[in-house]
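Here are my notes on this model, set out as numbered points. Please read them with the structure open.

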Amino acid sequence: MDNTLHILLAEEDAEAERVAELTGYLREELLELDVDDVTTLPGGEVPPGARAVDVTQIGALLVTLGSSATALSQVMNVVRSWMGRRHDTHPSLRLQMGEDVLEVSEATDDQVATAFEIFVERHSPAGAEP
């Protein structure tokens, strides 16, 4: 079982600094969970006013879940809550574990909840609480 979750955050028409800021807020919330680590993937610091930076590299996090059977469920709950507080900006997310990819953008809260629940079920050990 893969115990890493790759999160890619994007926001349409957002400047690199904005994406970096949003990614930082999400990372802070995820670090409060029982996970081994939440790493900002290469992309480096965003120079003030930069527009030629690859925004896809700025909004990337790697979450190392560790051995907790509920870590993925906790992470997904935090991500869902975080997205719910961003209705004014409509960020989109790409979540990947191994070869399994979930992309969320223009979705209702109920659609996100259902998609996240299915994703967690696919990656939970048999018999574990999602």
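1. Overall order. Along the sequence, the chain runs β-α-β-α-β-α-β-β-α. That pattern holds 4 helices and 5 strands. Keep in mind throughout that this is a predicted model.

2. Chain totals. The chain has 130 residues, and 38% of them are buried. Its exposed area is about 7300 Å², with carbon and sulfur atoms supplying 47% of that area. Take the contacts between residues at least 6 apart in sequence: 68% of them join residues at least 24 apart.

3. H1 against H3, geometry. Two packed helices are described by the angle between their axes and the distance between the axes. Helix H1 covers residues 16-31 and helix H3 covers residues 71-84. They pack at an angle of about 140°, and their axes are 10 Å apart. H1 is therefore oblique to H3. The cut-off matters here, because roughly antiparallel requires an angle over 145 degrees. The crossing of H1 past H3 is right-handed.

4. H1 against H3, residues. H1 brings Leu22, Tyr25, Leu26, Glu29 and Leu30 to this contact. H3 answers with Val75, Val78, Val79 and Trp82. Sorted by class, the contact has 8 nonpolar residues, 1 charged residue and no polar ones.

5. Valine 78. This residue is found in helix H3. Is valine 78 buried or exposed? Its relative accessibility is 14%, so valine 78 counts as buried; the limit for that class is under 20%. Setting aside neighbours within four places in sequence, valine 78 is in contact with Leu26, Glu29, Leu30 and Leu33. Leucine 30 is 48 residues away along the chain, yet the two C-alpha atoms are separated by 6.9 Å.

6. H3 against H4, geometry. Helix H4 spans residues 109-123. The axes of H3 and H4 come within 10 Å and cross at roughly 165°. That angle makes H3 roughly antiparallel to H4. This crossing, too, is right-handed.

7. H3 against H4, residues. On the H3 side the contact is made by Leu72, Ser73, Met76, Val79, Arg80 and Met83. On the H4 side are Asp109, Val112, Ala113, Phe116, Phe119, Val120 and His123. These residues divide into 9 nonpolar, 2 polar and 2 charged. Val79 deserves a second look: it is listed in the contact of H3 with H1 and in the contact of H3 with H4.

8. Leucine 102. Strand E5, residues 100-104, holds leucine 102. Which residues does leucine 102 contact, leaving aside its neighbours within four places in sequence? They are Met76, Leu93, Arg94, Leu95, Ala115, Phe116 and Phe119. Met76 and two of the others, Phe116 and Phe119, also appear in the contact of H3 with H4. Leucine 102 has 11% relative accessibility and so counts as buried. From leucine 102 to phenylalanine 119 is 17 residues in sequence and 7.4 Å in space, C-alpha to C-alpha.

9. Proline 91. Look next at the loop between H3 and strand E4 (92-97), where proline 91 lies. Proline 91 is buried, with a relative accessible area of 4%. Glutamate 106 is 15 residues from proline 91 in sequence. Their C-alpha atoms are 8.7 Å apart in space.

How values were computed
Residues numbered from 1 in each chain as written. Predicted model: local features only at pLDDT ≥ 70, side-chain atom pairs only at ≥ 80, totals over all residues. Heavy atoms only, no water. Axes fitted to C-alpha atoms, helices over the stretch in contact; angles between N-to-C directions. Parallel < 35°, antiparallel > 145°, perpendicular 65-115°, else oblique. Left-handed = near helix turned anticlockwise from the far one by under 90°. Contact = heavy atoms within 4.5 Å. Nonpolar A, V, L, I, M, F, W, Y, C, P; charged D, E, K, R; others polar. Buried < 20%, exposed > 50% of the residue type's maximum accessible area, 1.4 Å probe, protein only. Areas by Shrake-Rupley, 256 points an atom, 1.4 Å probe, with all protein chains shown as cover.
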